[in-house]
Amino acid sequence: VALIATVYTNNGSIIVNTEVGNNIEVYTVNGQNIYNAMATSNITTIDANGNNVLVVRVNGKAVKVAVR
C-alpha cells in the first residue's frame, strides 16, 4: 500500500506533503469544512485558523492532527 500523504503541523499551520492533483480537505472536529482543494505542489501549507484539533483528508484517507 502506497503512502498517500505526510501530514504534520508547524507554527499553527498544517503541512501536507502529497502528490500534485491529490484532493486535500480539512475539517474541524465538529465537521465544518475549512479547506478543500487539489494539491498544486508537493507541499501545501494550510492555516489552522486557531483550531487546536483538525481532521485532514487526502484522497479519502483521514488523519486527526493536533495543531501547535
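Biologist: How many bridges join strand 3 to strand 4, and what makes two strands a pair?

Modeller: Five bridges join them, and they run antiparallel. Two strands pair if DSSP finds at least two bridges between them, so five is enough here. One facing pair is E25, opposite N36 in strand 4. The strands themselves are DSSP runs of E, at least two residues long, numbered from the N terminus.

Biologist: What should I know about the model before going on?

Modeller: It's a predicted model: local features need pLDDT of at least 70 and side-chain atom pairs count only at pLDDT 80 or more, while totals for chains, interfaces and linings use all residues. Residues are numbered from 1 along each chain as its sequence is written, and side-chain values use heavy atoms, with hydrogens and water left out.

Biologist: Why do strand 4 and strand 7 count as edges?

Modeller: The open sheet has four strands in the order 4-3-6-7, with antiparallel pairing. Strand 4 (33–38) and strand 7 (61–66) each have a single partner strand, so one side of each lacks a neighbour in the sheet. The twist averages 15 degrees from one strand to the next, with axes being lines fitted to C-alpha atoms and angles running from 0 to 180 degrees between N-to-C directions.

Biologist: And in the order 1-2-5, what makes strand 1 and strand 5 edges?

Modeller: That open sheet has three strands, again with antiparallel pairing. Strand 1 (5–10) and strand 5 each have a single partner, so each has one side without a neighbour in the sheet. Here neighbouring strands are turned by 20 degrees against each other on average, direction ignored.

Biologist: How do you know that strand 2 pairs with strand 1 and with strand 5?

Modeller: Count bridges again: six join strand 1 to strand 2, and five join strand 2 to strand 5. Both pairings are antiparallel. In strand 2, T18 is the bridge partner of A5, while I14 stands opposite I46 in strand 5.

Biologist: Is N22 called buried or exposed, and why?

Modeller: Buried means under 20% relative accessible area, exposed over 50%, partly exposed in between (1.4 Å probe, protein chains only). N22 comes out at 12%, so buried it is. N22 is in the loop between strand 2 (13–18) and strand 3 (23–28). Not counting residues up to four places away in sequence, N22 touches I4, A37, M38, A39, V58 and N59, where contact means heavy atoms within 4.5 Å.

Biologist: N52 is in a loop too; is that one buried or exposed, and why?

Modeller: N52 is at 58%, so it counts as exposed. Its loop lies between strand 5 (43–47) and strand 6 (53–58). Leaving aside neighbours within four places in sequence, N52 is in contact with V65, A66 and V67. N52 and V65 are 13 residues apart in sequence and 8.3 Å apart C-alpha to C-alpha.

Biologist: How do you know that the side chains along strand 5 alternate?

Modeller: T44 and I46 point to one face and are buried, whereas I43, T45 and D47 point to the other and are not.

Biologist: What makes a set of residues a nonpolar core?

Modeller: It's a set of buried Ala, Val, Leu, Ile, Met, Phe, Trp, Tyr and Cys residues joined through side-chain atoms within 4.5 Å. The largest one here has 12 residues, including I14, I46, V58 and V65. Strand 2, strand 3 and strand 6 each supply at least two of them, and strand 6 gives the most, with three.
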